[in-house]
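Q: Could you take a close look at one part of this model for me, the cysteine links? I'm new to this, so keep it relaxed.

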Number of protein chains: 2
Amino acid sequence: MRTAWQSLFVTTGLLMARAAMPAEAAAPGTPAPAPARSMAEILAASPASAWRPLNDEHTLYMEMPGGRVVIELLPALAPRTVANIEALVRLHYFDGLSILRVQDNYVAQWGDPDGVRKVPDNMQKLAPEFSVPLGAAAFTQLPDRDGYAPQVGFVDSFAAARDPASGMAWLTHCYGAVGVGRDNDPASGNGSELYAVIGNAPRHLDRNVTIVGRVRQGIELLSSLPRGTAELGFYDKPAQRVPITSVQLASAVPAAERTRLEVLRSDSPTFTAVVAARRNRKDDWYLQPAGYIELCNVPLPVRAVAPTTP
Amino acid sequence: MRTAWQSLFVTTGLLMARAAMPAEAAAPGTPAPAPARSMAEILAASPASAWRPLNDEHTLYMEMPGGRVVIELLPALAPRTVANIEALVRLHYFDGLSILRVQDNYVAQWGDPDGVRKVPDNMQKLAPEFSVPLGAAAFTQLPDRDGYAPQVGFVDSFAAARDPASGMAWLTHCYGAVGVGRDNDPASGNGSELYAVIGNAPRHLDRNVTIVGRVRQGIELLSSLPRGTAELGFYDKPAQRVPITSVQLASAVPAAERTRLEVLRSDSPTFTAVVAARRNRKDDWYLQPAGYIELCNVPLPVRAVAPTTP
């Protein structure tokens, strides 16, 4: 028996196919628009060129008891900080550390809760990269207005913002963004303590913290953890901490053990079509299209790909 | 030993006190502004009149193995739907049902997964209340612009939106909002299946679903549940479902067993000051105030109050 709950929100789920609704009647004299397509239909029809593999040279695998969290870093928008993190990873800095803070509707944070692991002297201080010159990186602007930044959009399939007056750009605090914890000293954010956003986008953190990347897979391993009951969501008992088995660069993992993912290119026509479809949803469920999409509600679709055989 | 992590984000946590930073130097000839106060300081100095108790006549206690979720309903913006839900609660409709869907960065949903519990015939269909005439309810407008609605703000300490052209208002899909699941038929949302937002505000759902209230306490009991692995985050095995012991109206619970909470009045000067402080954070940690606050990032502070003695 098909019960009502099975179709609740069926159209709002990622990659769920729905019958397309015909577009509204066009005004007289204008060409009939193409029927509205759902995101799933758009993705299903996408060319291979609309996707790129994750960059294994800058992708981290954080292994936890529940599975693997895949984090892609973007050196273009935080070159020194990403280099520092990758150097720490090569030193196995994070192996055996733990998730030490989970604050509801905010962040999950990991690092060295007891402060016993040594960050090499020459890596302890690092000038922050709250924003950087955009340089050669392509910025795909989202036409929808934003309250927190002059312009928002995407750099290489990462949510970002830009100030055309200054030429500076920065990654934004959307769900799944990974940033660098720091103390009051801005140079204290050396990458040895990281967090992922697990709640409503805390965009007020933008340009106050260096964001280095985004969780491409496995965010639910962090977002579903028990919330810490100490102040700010810290775990108040060591036994509550969630162990991190290891953090490795994907490129350091044997090919057969890698998680092969592709992300939709934010500079592809397919992505533009996805954004348009999500801005104005037209299907059997949605009655009132929003006509707008907020930066952090734009999906950045990821798909698994079969391993290549040599 | 004080380790660096203990102060990470210390200023972004709810109700954490920080030393106030002096305001910037005033322009010549203008009076010196008062020093910036943190939200914690503002709340600590708030008069009793800035707070109101939850309305026990329209507050639900959802009892789960992990504890109590406290949901306050707002009849003013969904009168028929709230009445239907409260009637179902009085019939003990939800007792023994379960959380049946947890979709990451989206919703936790509860109801009757097996479709065996009978909703009375006269309660099965209900005209939706996606938006309603605002009527006598006071709307405290947030001056910050919004992409999804002509105006946003607060009605009785619930996040809401309004269209001044039509005079219609609606509750918005912010974190913790509670809405009514429905099938494609808009009248199918009778209140027997409800959801709470546990991710980035899915504002595109606004005016497509009837929102009835907001979780005032215990949202973490829903947001930290394991994500369902079936499509749309449904639990695919009955054993995965999380039981709901009971859902009761607060007013039906003995006084000694009630959860006594107060919420900051959204029409109070204290609330205005809180919003201003959060729009432009000034402290030892924040270097770049946002100058803007998005509706769903506005805190709606709740505090526990001691039970009154007769």
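A: Let's start with C296(B), which counts as buried because its relative accessibility is 10%, under the 20% cut-off. Keep in mind that this is a predicted model. The partner of C296(B) is C174(B), and the two form a disulfide with their sulfur atoms 2.0 Å apart. In case the word is new to you, a disulfide is a covalent bond between the sulfur atoms of two cysteines. C174(B) is buried too, with a relative accessible area of 3%.

Now for the twist: the torsion about the S-S bond of C174(B) and C296(B) is about -70°, so this disulfide is left-handed. It links distant parts of the chain, 122 residues apart. On one side, C174(B) sits in the loop between β10 (168-171) and β11 (177-180) of chain B. On the other, C296(B) sits in the loop between α4 (269-279) and β17 (302-304) of chain B.

How many disulfides does the structure hold over all chains? There are 2, so let's visit chain A as well. Here C174(A) and C296(A) form a disulfide, with 2.0 Å between their sulfur atoms. This link is left-handed, with -70° about the S-S bond. C174(A) lies in the loop between β10 (168-171) and β11 (177-180) of chain A, while C296(A) lies in the loop between α4 and β17 (302-304), which puts them 122 residues apart. Buried or exposed, what are C174(A) and C296(A)? Both are buried.

Methods. Residues numbered from 1 in each chain as written. Chains lettered and ligands numbered in written order. Predicted model: local features only at pLDDT ≥ 70, side-chain atom pairs only at ≥ 80, totals over all residues. Heavy atoms only, no water. Disulfide = S-S within 2.5 Å. Helix = DSSP H or I, 4+ residues; strand = E, 2+ residues; numbered from the N terminus. Buried < 20%, exposed > 50% of the residue type's maximum accessible area, 1.4 Å probe, protein only.
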